[in-house]
Amino acid sequence: MSRNKLSVSSLSCALFIMVAESYSAFSQEPSNLGRAFLVTTTQSVNDTSIHIINTSNDSQTYTGNLYNQEGNQLGATDVIIESVPTPSKARLIISADDLEDIFSVPPWIGPALLEISALGTFDLMTKLTSPSGLVSNTNCVRSDVVYNIEPFNSNTLTYIRFINTGNDEIVEIRGTMHDSDGLVIGEGNARFVEKLKPKQAIWLSSTKLRAIVGSTWGSLASLSINHQSPNLKLLNLNLVNGSTFFNFSCFENQEEGRMYLFTNSDSINVTEAHIINSSNEPTNFFGSLYNSDGTRLGELNTKLSTETVPPKGRAILTAPLLEEIYNALPWAGPAMLEITAENQFELLTRLKSPSGLISNTNCVKTKIIHNIEGFNSSTLTYVRLINKGNTGINNVVGTLYDKNGSVLGKREKLLREELRPKEQVWISNRQLEKMFGVSWFDEASLEVTADQDANLRLLNLNFENSETFFNFSCFESSVEKTR
């Protein structure tokens with residue numbers, strides 16, 4: 001089984017704690033809920049690894065409910081996933097093999113939905129290993145819209161998974177598709193799903209989407225759901241070369257208002273940035289560009305497109321275009337583009353690697369990230385520390401936790417004395433090994449704080465085969481159960 005096991009001494013200690021606190025652990029009703037939205041079966045060519053990270057300050061036990069793609073429950077209700085409580089900051093790693101054993105069920109058909117409950121808080125990250133051997137991040141979902149539906153002439157197939165996380169049926173799921181110019185594609189307010197039973201999840205490919213709206217499209221398209229249900233979640237995946245999934249469900253909006261990773265025209269990694277006008281009014285976008293050291297390039301609040309962007313349309317920016325707009329030479333390292341507009345907007349970044357694969361790189365986190373690869377991995381991890389604010393951030397410190405929740409090296413190790421306004425810096429997992437004076441096995445978590453860290457953002461990328469970036473900044477956090 002792939003679940004990580006504690007040492008004999010740790011196990012004895014954990015069992016003592018479990019016995020001592022058995023009443024507390026098993027008699028109280030779990031108050032926090034999280035979901036793994038795409039759990040492949042053991043018969044799938046894609047292998048899911050579910051990481052449940054205990055972000056609370058106490059050890060805790062998880063219970064789970066498993067549902068197949070039809071919404072039918074698999075196994076018993078509220079099954080204890082692991083009898084030994086997971087320590088604070090530790091992670092429990094489970095596979096489809098483990099779930100079949102835990103729930104005493106045979107392999108299910110299609111991806112399953114796993115609901116997890118606990119007394120305290122936790123985060124859920126899933127790593128999907130494709131037949132190509134590449135590992136992607138698949139546990140990010142949206143509630144109302146997706147923006148990365150490939151055009152009809154693309155060799156990449158787009159899939160949208162419609163997921164009902166609630167206990168009531170959702171009927172008449174209707175939406176409208178728009179092309180990059182904001183034009184309605186085919187039939188507006190088309191019915192995409194007639195009904196979705198509780199816990200049911202279905203795939204719609206770009207081929208099926210064309211059949212539903214009755215038209216093709218020649219540019220990257222979006223799908224907006226009308227009369228959104230709070231229990232409807234959307235997972236937007238690209239299947240590249242028939243073997244590797246990339247998750248495009250995660251993107252930033254006007255509240256963040258930044259493209260965090262903009263490569264220059266000399267880079268072998270090519271950025272294509274999409275600013276989508278999510279409002280119902282035409283709008284103009286204005287931007288300020290900052291080098292990795294925080295230096296501004298060109299003028300403040302420069303208009304980013306020659307024409308007003310229509311509702312649901314998008315401005316698509318590249319490095320050569322930005323160099324022309326700002327009358328700037330290629331900048332050093334990735335830059336940050338700060339964007340303002342008269343109306344609401346959303347930001348999607350597509351990064352084309354030398355492999356030709358395109359990944360999603362505009363998702364960031366605060367405080368903590370969970371995918372710092374260990375010494376036993378050939379994959380490089382990069383963490384980008386970003387100060388998005390107008391004042392410096394002092395005393396940037398980090399604490400590393402291994403998969404058992406143990407602190408690696410020194411707690412609150414100084415990472416940077418100062419991050420200047422708009423500055424962005426890389427730290428790799430190999431550099432972290434040297435800074436903390438320790439190595440670790442498998443994935444670690446990195447918690448980052450500072451004196452004034454409201455504007456501190458973290459970007460967590462894996463660099464595979466020295467050519468393709470995968471973004472692991474996005475993951476689901478548990479939420480308090482509603483009564």
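Colleague: Which cysteine forms a disulfide with Cys 140?

Modeller: This is a predicted model, in which local features need pLDDT of at least 70, side-chain atom pairs count only at pLDDT 80 or more, and totals for chains, interfaces and linings use all residues. Residues are numbered from 1 along each chain as its sequence is written, and side-chain values use heavy atoms, with hydrogens and water left out. A disulfide is counted when a pair of cysteine sulfur atoms lies within 2.5 Å. The sulfur atoms of this disulfide are 2.1 Å apart, and the partner of Cys 140 is Cys 474.

Colleague: How many residues apart in sequence are the parts that Cys 140 and Cys 474 tie together?

Modeller: Let's place both ends among the strands (E in DSSP, runs of at least two residues, numbered from the N terminus). Cys 140 sits in the loop between β8 and β9, and Cys 474 in the loop between β33 and β34. The pair therefore ties together parts whose separation in sequence, in residues, is 334.

Colleague: Are Cys 140 and Cys 474 buried or exposed?

Modeller: Buried means under 20% relative accessible area, exposed means over 50%, and partly exposed lies in between (1.4 Å probe, protein chains only). By that rule, Cys 140 and Cys 474 are both buried.

Colleague: What pattern do the disulfides of the protein chain follow?

Modeller: The count comes to 2 disulfides. Besides the pair above, Cys 250 and Cys 363 are bonded, with sulfur atoms 2.1 Å apart. Cys 250 lies in the loop between β16 and β17 and Cys 363 in the loop between β25 and β26, so they tie together parts 113 residues apart in sequence. Counting the bonded cysteines along the chain, the pattern is 1-4, 2-3.

Colleague: Why do the buried residues of helix α6 lie on the same side of it?

Modeller: Helix α6 (a DSSP run of H or I, at least four residues) has as its buried residues Asn 429, Leu 432, Glu 433 and Phe 436. The arc is taken from the directions from the helix axis to the C-beta atoms. They lie on the same side because, around the axis, they cover an arc of only 105°.

Colleague: Which strands do the buried residues of α6 pack against?

Modeller: Contact means heavy atoms within 4.5 Å. By that test, the buried residues of α6 pack against β26, β27, β28, β29, β30 and β31.

Colleague: Which side chain makes a polar contact with the side chain of His 274?

Modeller: His 274 is in strand β19 and counts as buried because its relative accessibility is 1%. A polar contact is a pair of N or O atoms within 3.5 Å; within protein, one must be able to donate a hydrogen and the other to accept it, and residues adjacent in sequence count only if both atoms are side-chain atoms. At 2.6 Å, the partner of His 274 is Glu 272.

Colleague: What is the angle between the planes of Phe 285 and Phe 345?

Modeller: Rings of Phe, Tyr and Trp (its six-membered ring) pair if their centres lie within 6.5 Å; planes under 30 degrees apart are stacked, over 60 edge-to-face, and the rest tilted. Tyr 159 and Phe 245 make a tilted pair, 6.4 Å centre to centre with 55° between the planes. Phe 285 and Phe 345 make an edge-to-face pair at 5.8 Å, with an angle between the planes of 80°.
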